[in-house]
Amino acid sequence: MAKIVLSLDGVLIKEIKLNKERLTIGRRPGNDLQIDNLAVSGEHAVLIMQGSNVFIEDLNSTNGTKVNYHEIQRERLQEGDEILVGKHILRYVSEKIADDPDFEKTVMMERPPARTKPVHPPMQLTPTSADTPHQPLGVIKVMSGANAGKELELNKKLTSLGKTGVQVAVITQRPQGYFLTHVEGDKHPSINKKEIGIQAHLLQEKDVIELLGIEMTFFYRS
């Protein structure tokens, strides 16, 4: 089931399952998701579920609603999108993660037994299709485990990595590059030996990602 992960200043507050057709967000107690902050309007925004699609719509709030730091009126959400309401961030996690056809590609990275500094995304992000003709193709190369040396081309908008119920992350392709986002599991993936937080991290050439105890290197293929 799709969900929204609410955080403030990098601290996880709660997860909200999208199990109804409309979920209202605002400062007043009557909202499905109440955010008690003066930067949030009484009735700020609403999440609308239409079939397999989820939309965020601003309700003429005072400070507006942003998706990936781009102000919107109504927007269809995509995996890993970050909604900014006041100073709070709501990250959208699609129900399609476990069913993504690319998910099983992570099995080649071996099931577990029984950069320098993390780079934060630019302040203006806009979701896009995977069709970015002038962007080099990103590639993940497995560096450890039984499948060391194998490569996974990031030729789709979203690629899931990990094992459902244990640890899952996604790599999304945006105009600014490829972003790694934690989705599931108590332990977050690490980049260059430093565990990432809940926000999407922009991958840099030769970054080393560790997930499920497997090390992978990210690079661009011309």
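## The open sheet

In this predicted model, 6 strands (DSSP runs of type E with at least two residues, numbered from the N terminus) form an open sheet in the order E13-E12-E21-E20-E17-E18, with antiparallel pairing; two strands count as paired if DSSP finds at least two bridges between them. Strand E13 (151-153) and strand E18 (194-195) are the edge strands, each pairing on one side only.

Strand E17 (residues 190-191) pairs with strand E20 (residues 208-211) in the antiparallel sense over 2 bridges, and Ile 191 has Ile 209 in E20 as its bridge partner.

## Aromatic pairs

The structure holds 3 aromatic pairs, where rings of Phe, Tyr and Trp (its six-membered ring) pair if their centres lie within 6.5 Å, and planes under 30 degrees apart count as stacked, over 60 as edge-to-face and the rest as tilted. One of them is the tilted pair of Tyr 178 and Tyr 220, at 5.9 Å centre to centre and 55° between the planes; this pair links distant parts of the chain, with Tyr 178 in strand E16 (residues 177-184) and Tyr 220 in strand E21 (residues 214-221), 42 residues apart.

Phe 218 and Tyr 220 form an edge-to-face pair, at 5.0 Å centre to centre and 80° between the planes, and ring pairs link Tyr 178, Phe 218 and Tyr 220 into a cluster. Within this cluster, Tyr 178 is buried at 1% relative accessibility and Phe 218 is buried at 0%, whereas Tyr 220 is partly exposed at 25% (buried means under 20% relative accessible area, exposed over 50%, partly exposed in between, with a 1.4 Å probe and protein chains only).

## Basis of the values

Residues are numbered from 1 along each chain as its sequence is written, and side-chain values use heavy atoms, leaving out hydrogens and water. Local features need pLDDT of at least 70 and side-chain atom pairs count only at pLDDT 80 or more, while totals for chains, interfaces and linings use all residues.

Methods
Helix = DSSP H or I, 4+ residues; strand = E, 2+ residues; numbered from the N terminus.
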